Amino acid sequence: MPFSYTRQDQKEWTVNVFGQSHSTYSRNSFHRSFNHNSRFTHKTTSTPSNNNTTTMPANTSVWNTKVRSLIPHDQPPIRALCMTIGETASLKNACRQYGLTEKQVRRANLPCQYRSFHGNPYMVVKLSDMAALKATLQKQAKEAAKQKLIDELGEHGYAKKMAELKAAKMKEKADLKAAKEKEQKADKLSSLLFDALAAVSKGGISPTLTGATITKTAAKKEWRVKPEEIVGHLKPVDPTKKHPKYYLADVIEVAHNKGVNTFSAELESSLDRRKLYARYLVDAFHEQCKAYEALGDLDIVQKVGREASGSIEKALGEYEQLVTRYQEHVLKEKERITNLDRLLKDAV
């Protein structure tokens, strides 16, 4: 029994902490010290026993300073269930949280406690009771709406309407899924297009990768592809040889999937390597376009092309505006130079 107070008589109570009697208070002073503390608002309920002892909750959260000093420091903090954050709330806050009215709560006869704050009384309810009441009211409303439709349409009409609503909902879900998949495909194709465009614009493009091969050592040195990422994963040109070569397009694909940052230094150091990488990106873009066309998604390819063209045209228009603006500045500065020359000539 971590904390209790024992009724000695009608006038005095003795505080017991962990089974030891420490201090005796008059009834009035005890109420002033504990029950009238603005933080100690939980009213304890007396439990009859043979020794006429009333036990405080074992997990009371707030302690008076006098009693706190009597508790050993190695004891864990004690909290009351009714004082735990999230367990209870005032009726007004609970109604706001669950979207209910006070009239609905009073009609349901939910158990509550009455408390006072600076003399202003208010009701406290358990949030679990409020959640259960909300679920019950929602269920009743759903059943009432169902019964209303049955009365209007009949059992057969109600079943038909529910089937139509279910089919419409499934169709909407399927349409949303298809639209999301198309958007993901478009994003993937657009990324390939702009990567290829940037690579071609930066260093040109190699005529072809067809027939180009590379050894494991060269793949590691030029494209940062490790031998263990090649052997067993890529198809060799001639598997009968002791040190076979591999197709360059396959090696570049492995490097590309790892991320361009892993071999960016190698690209910057070789113009031919940049051209080969540009060719790989262009070929990958064309293969992806053909795959979408075979699946009937030609509209995705067309959409990506329109968006890319529009984006470039927009950037071009902005740059043209900047050029026009700077040309105007150039003309003004030339005019200032001419006027300055005239002023200096007249001064001399």
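These are numbered comments on a predicted model, running from the overall fold to single residues.

1. Overall make-up. The protein has ten helices and nine strands. Its length is 348 residues, and 27% of them count as buried. Take the contacts between residues at least 6 apart in sequence: 56% of these join residues at least 24 apart.

2. The largest pocket. Its space comes to about 280 Å³. The lining is made by 13 residues, and the closest to the pocket centre are Glu-253, Tyr-280, Asp-283, Ala-284 and Glu-287. Three elements give two or more residues each to this lining: α5 (127-203), α7 (248-258) and α9 (271-294). Which of them gives the largest share? That is α9, with five residues. By class, the lining holds five nonpolar, five charged and three polar residues. When you look at the pocket on screen, α9 is a good place to start, and the next points follow that helix.

3. Length of α9. This helix has 24 residues, so at 1.5 Å a residue it should span 34 Å. The C-alpha atoms at its ends are 35 Å apart, which agrees with that expectation.

4. The N-terminal end of α9. Which residue caps this end? Ser-270 does: one of its side-chain oxygens lies 3.2 Å from the backbone nitrogen of Arg-273. Asp-272 belongs to helix α9. Is Asp-272 buried or exposed? With a relative accessibility of 54%, Asp-272 counts as exposed, because the cut-off is over 50%. Its C-alpha atom is separated by 8.6 Å from that of Ile-205, although the two residues are 67 apart along the chain.

5. After α9. Gly-296 comes just after the helix and takes a positive phi of about 85°. Asp-297 sits in the loop between α9 and α10 (298-347). Its relative accessibility is 10%, so Asp-297 counts as buried, the limit being under 20%. What does the side chain of this residue pair with? The side chain of Asp-297 makes a polar contact with the side chain of Lys-185, at 2.9 Å. Lys-185 falls within the range of α5 (127-203). Leaving aside neighbours within four places in sequence, Asp-297 is in contact with Lys-182, Lys-185 and Tyr-292. I would inspect Asp-297 and Lys-185 together, given this polar contact between their side chains.

6. Positive phi outside glycine. Two residues deserve a look here. Asn-109 has a positive phi of about 55° although it is not a glycine. Its place is the loop between α4 (102-107) and β6 (112-117). Asn-109 is exposed, with a relative accessible area of 65%. Arg-224 also has a positive phi, near 60°, and is a residue other than glycine. Where is Arg-224 found? It is in the loop between α6 (216-223) and β9 (246-247). Arg-224 has a relative accessible area of 46%, so it counts as partly exposed.

7. Ser-116 and what follows it. Ser-116 is in strand β6, the strand that follows the loop holding Asn-109. Its relative accessible area is 45%, which means that Ser-116 is partly exposed. A polar atom of the Ser-116 side chain lies 3.4 Å from the backbone nitrogen of Gly-119. Which residues does Ser-116 touch once those up to four places away in sequence are not counted? They are Pro-121 and Tyr-122.

8. In brief. For the pocket, begin with α9, which gives the largest share of the lining. For the end of that helix, check the Ser-270 cap. For the loop after it, check buried Asp-297 and its polar contact with Lys-185. For backbone geometry, check Asn-109 and Arg-224.

Key
Residues numbered from 1 in each chain as written. Predicted model: local features only at pLDDT ≥ 70, side-chain atom pairs only at ≥ 80, totals over all residues. Heavy atoms only, no water. 1 Å grid on protein atoms, 1.4 Å probe; cavity = no way out; pocket = protein on both sides within 12 Å on 5 of 7 lines; lining within 4 Å. Points joined across faces, edges and corners; volume = space filled by probe spheres on them. Helix = DSSP H or I, 4+ residues; strand = E, 2+ residues; numbered from the N terminus. Nonpolar A, V, L, I, M, F, W, Y, C, P; charged D, E, K, R; others polar. Expected span 1.5 Å × (residues − 1). Polar contact = N/O pair within 3.5 Å; in protein donor to acceptor, adjacent residues only side chain to side chain. Buried < 20%, exposed > 50% of the residue type's maximum accessible area, 1.4 Å probe, protein only. Contact = heavy atoms within 4.5 Å.
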